[in-house]
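Reader: Hello! I am new to this structure, and I would love a close look at a single part of it. Could you pick a spot and walk me through it, and then show me how the surroundings fit in?

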Amino acid sequence: QVQLVESGGGLVQAGGSLRLSCAASDSIFSLKDTGWYRQAPGKQRELVALISLGGSTNYDDSVKGRFTISRDNAKNTVYLQMNSLKPEDTAVYYCNAHAADPNDRYLELWGQGTLVTVSS
């Protein structure tokens, strides 16, 4: 069963940077509109950033100017570059994507999540 595979989480000090990656486990599925979400302990999952297939982006106000979502369609991968990290960015980060196979069968996929911990 196809799923999204995330990588790049970890522990970083405040002010540091991390880059998250998201790719489909089965390369025949191409990622369309893709987003990064996060869920902190005791809080609801929230949208962090979105990128369309054409590259248009949207960000939550809390990360504007610090985070950048991008994609490499040749690698079928979406990235989230996180700079100037703050302790309040600590959360499990999830990738969500609409993906299509060569027969235009569309699926909505979620990744398993990757933990980002920012120490003060």
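Author: Let's begin with Asp101, which counts as buried because its relative accessibility is 8%. Keep in mind that this is a predicted model. You will find Asp101 in the loop between strand 9 and strand 10 (106–110). Its side chain reaches the backbone nitrogen of Asn103 at 2.9 Å. The side chain of Asp101 also meets that of Arg105 in a salt bridge, at 3.1 Å from N to O. The partner Arg105 is partly exposed, since its relative accessibility is 46%. If you set aside the neighbours within four places in sequence, Asp101 is in contact with Ile28 and Phe29.

That salt bridge invites a look at the others. The count for the structure comes to five salt bridges, and Arg38, Glu46, Arg66 and Asp89 are linked in a network of them. Take Arg38 as your starting point here: at 6% relative accessibility, Arg38 counts as buried. Arg38 forms a salt bridge with Glu46, and their closest N and O atoms are 2.7 Å apart. Glu46, at 34% relative accessibility, is partly exposed. Arg38 also meets the side chain of Asp89 in a salt bridge, with 3.0 Å from N to O. This pair links distant parts of the chain, as Arg38 sits in strand 4 and Asp89 in the loop between strand 8 and strand 9, 51 residues apart. Asp89 is buried, with a relative accessible area of 1%.

Now back to strand 9, on one side of the Asp101 loop. A search of the whole structure finds one disulfide, and it is formed by Cys22 and Cys95, with their sulfur atoms 2.0 Å apart. Since Cys22 lies in strand 3 and Cys95 in strand 9, the pair ties together parts that are 73 residues apart in sequence. The link of Cys22 and Cys95 is left-handed, with -80 degrees about the S-S bond, and both cysteines are buried.

Both cysteines also turn up beside Leu4: leaving out neighbours within four places in sequence, the contacts of Leu4 include Cys22, Cys95, Leu31 and Leu109. Leu4 in turn leads us to the largest nonpolar core, which has 29 residues. Leu4 is among those with the most contacts inside this core, together with Trp36, Phe67, Leu80, Met82 and Tyr93. Several strands supply at least two residues each, among them strand 3 (18–24), strand 4 (30–39) and strand 11 (114–119). Strand 9 gives the most to this core, with five residues. As a general background, nonpolar side chains in soluble globular proteins tend to be buried together.

From Trp36 you can step across to Leu47, which touches Trp36, Tyr37 and Asp60 when residues up to four places away in sequence are not counted. Leu47 lies in strand 5 and is partly exposed, with a relative accessible area of 32%.

Let's finish with two loop residues and their backbone angles. Most residues other than glycine have a negative phi. Asn76, however, has a positive phi, near 55 degrees. Asn76 lies in the loop between strand 7 (67–72) and strand 8 (77–82), and at 14% relative accessibility this residue counts as buried. Ser84 has a positive phi as well, of about 50 degrees. Ser84 has its place in the loop between strand 8 and strand 9 (91–100). At 41% relative accessibility, Ser84 counts as partly exposed.

Conventions. Residues are numbered from 1 along each chain as its sequence is written. This is a predicted model: local features need pLDDT of at least 70, side-chain atom pairs count only at pLDDT 80 or more; totals for chains, interfaces and linings use all residues. Side-chain values use heavy atoms; hydrogens and water are left out. Helices (H or I, at least four residues) and strands (E, at least two) are DSSP runs, numbered from the N terminus. Buried means under 20% relative accessible area, exposed over 50%, partly exposed in between (1.4 Å probe, protein chains only). A polar contact is a pair of N or O atoms within 3.5 Å; within protein, one must be able to donate a hydrogen and the other to accept it, and residues adjacent in sequence count only if both atoms are side-chain atoms. Contact means heavy atoms within 4.5 Å. A nonpolar core is a set of buried Ala, Val, Leu, Ile, Met, Phe, Trp, Tyr and Cys residues joined through side-chain atoms within 4.5 Å. A disulfide is a pair of cysteine sulfur atoms within 2.5 Å. A salt bridge is a side-chain nitrogen of Lys or Arg within 4 Å of a carboxyl oxygen of Asp or Glu.
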